[in-house]
Amino acid sequence: MRTILLNPGPVTLSQRVRDAMLRPDLCHREPEFGALQEGLHRKLLAVYASDPERWAPVLLTGSGTAAVEAMLTSLVPSHGRVLIVENGVYGERMTQIARAHRLPHQHVTAAWSAPIDLAAVERALRSAAFSHIAVVHHETTTGRLNGLDGLAGLARTHGARLLIDAVSSFGAEAIRLDDWCVDGCAATANKCLHGVPGAAFVLVRRAALSGTEQRTVYLDLAAHLARQDVGSTPFTHAVQAFYAWDEALDEFAEEGGLRARSALFRTRMGRISERLRACGVAPLLRDDETSCVLRSFRLPPGHGYAALHYRLKQAGFVIYAGQGSLSDDIFRVSAMGDIGEKDLTRLLDAFSAALAEPLG
């Protein structure tokens, strides 16, 4: 019995993606790697039908956080200032990055269970000039999908551009790059795209990198893009992770792309939520507030997370704990990865069995 990962990445891999890592060893300075990289560029642009003259996916070896850090440090100019919107752990992490790099910034906070405080954002934009607004699209702290239409409208009114952490939404949720005044969109291979950890990217508006200064060496997007545009790379990439990513993107396209992946996740989450409600488990947020990718559920009285996690892991499933102040109150379930109909049926039955009696 294989173990199914229901955490928000890494995901359970399909066999074809796992097998792709067994392709021949390859030097990153050879033309074959340049061809692999170019294929990844083309396939990533196709996810949201992005114009290659205006947009470029800058490939990185690292986690989603590396992509977010590269985006912030490469796209906020020295004369600029970024307003960071926080309503979860990953918004707060962007503030940590800004502080570490001494980026001129300010942050606007909302409770972890609350939507973006647009009124507070507008007050901040009226109080000072900001070149950018940074926001997490899907905040996996709670599973909230932050609606960005209102934020983009404020950005447009006040002459700012959006920097989006789409690490847990790229490939499953709508992202309107042009309508939302986006300069950069950070994401990763090992979540909605079903690749492996170690490969990430920033989908960047090419014009936004013009004239930017270098704050880092390894994470400088302009340096990466200059070399990638000529079929090269400034540093050694995780070749096997790129092989898996390439195969995962083929699988993504063959299965119907963005619309099909979103529908698949939504159907899975709907069935999981329905079974949990039948077991007396309430969601943290309303269905219309959450992403299709992940939802949080309140631990019912008499059920502790550690015991629930143990029982489900014994049945072949790994769920995820809450974070911070929510760690004693919720658990999280993701719909990503290679999960078959039989796997899903087993999961629903495992939840019913585990929740049938108090677990401590």
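At what angle do α2 and helix α8 pack, and how far apart are their axes? In this predicted model, α2 and α8 (residues 239-254) pack at an angle of about 40 degrees, and their axes are 10 Å apart. The two helices are therefore oblique to each other. Their crossing is left-handed. On the side of α2, the contact is made by Phe 33, Leu 36, Leu 40, Lys 43, Leu 44 and Val 47. On the side of α8, the residues are Val 239, Phe 242, Tyr 243, Trp 245, Asp 246, Leu 249, Asp 250 and Phe 252. Sorted by character, the residues of this contact are 11 nonpolar, no polar and 3 charged.

Two numbers were used here, and they serve for any such pair: packed helices are described by the angle between their axes and the distance between the axes.

Next come α3 (64-75) and α4 (89-100). These helices pack at about 50 degrees, with 10 Å between their axes. Why are α3 and α4 called oblique to each other? Angles under 35 degrees count as roughly parallel and 65 to 115 as roughly perpendicular, and about 50 degrees falls in neither range, so the pair is oblique. The crossing of α3 and α4 is right-handed. From α3, Thr 65, Val 68, Glu 69 and Leu 72 take part, and they meet Arg 93, Met 94 and Ile 97 in α4. This contact divides into 4 nonpolar, 1 polar and 2 charged residues.

Further along the chain, helix α9 (residues 257-278) packs with helix α11 (residues 341-354) at an angle of about 20 degrees, and the axes are 9 Å apart. That angle makes α9 roughly parallel to α11. The crossing of α9 and α11 is right-handed. In α9, the residues in contact are Arg 268, Arg 271, Ile 272, Arg 275 and Leu 276. They meet Glu 341, Leu 344, Thr 345, Leu 347, Leu 348, Asp 349, Phe 351 and Ser 352 in α11. Here the division is 6 nonpolar, 2 polar and 5 charged.

From packed helices we turn to empty space. Rolling a probe the size of a water molecule over the atoms shows where such space is left. The largest pocket has a volume of about 340 Å³. It is lined by 22 residues, and the closest to its centre are Thr 65, Tyr 90, Arg 93, Val 167 and Lys 191. Two of these names have appeared before: Thr 65 in α3 and Arg 93 in α4 belong to the contact of those helices. Both α3 and α4 supply at least two residues of the lining, and so does β6 (138-139). The lining as a whole divides into 8 nonpolar, 10 polar and 4 charged residues.

Two details of the backbone remain, each in a loop. Which residues does a cis peptide bond join? The bond lies between Gly 9 and Pro 10, with omega at about 0 degrees. Pro 10 is found in the loop between β1 (4-5) and α1 (15-20). The other detail concerns Ala 49, which has a positive phi of about 50 degrees although it is not a glycine. Ala 49 lies in the loop between α2 (31-47) and β2 (55-61). This brings us back to α2, the helix that packs against α8.

Terms used. Residues numbered from 1 in each chain as written. Predicted model: local features only at pLDDT ≥ 70, side-chain atom pairs only at ≥ 80, totals over all residues. Heavy atoms only, no water. Axes fitted to C-alpha atoms, helices over the stretch in contact; angles between N-to-C directions. Helix = DSSP H or I, 4+ residues; strand = E, 2+ residues; numbered from the N terminus. Parallel < 35°, antiparallel > 145°, perpendicular 65-115°, else oblique. Left-handed = near helix turned anticlockwise from the far one by under 90°. Contact = heavy atoms within 4.5 Å. Nonpolar A, V, L, I, M, F, W, Y, C, P; charged D, E, K, R; others polar. 1 Å grid on protein atoms, 1.4 Å probe; cavity = no way out; pocket = protein on both sides within 12 Å on 5 of 7 lines; lining within 4 Å. Points joined across faces, edges and corners; volume = space filled by probe spheres on them.
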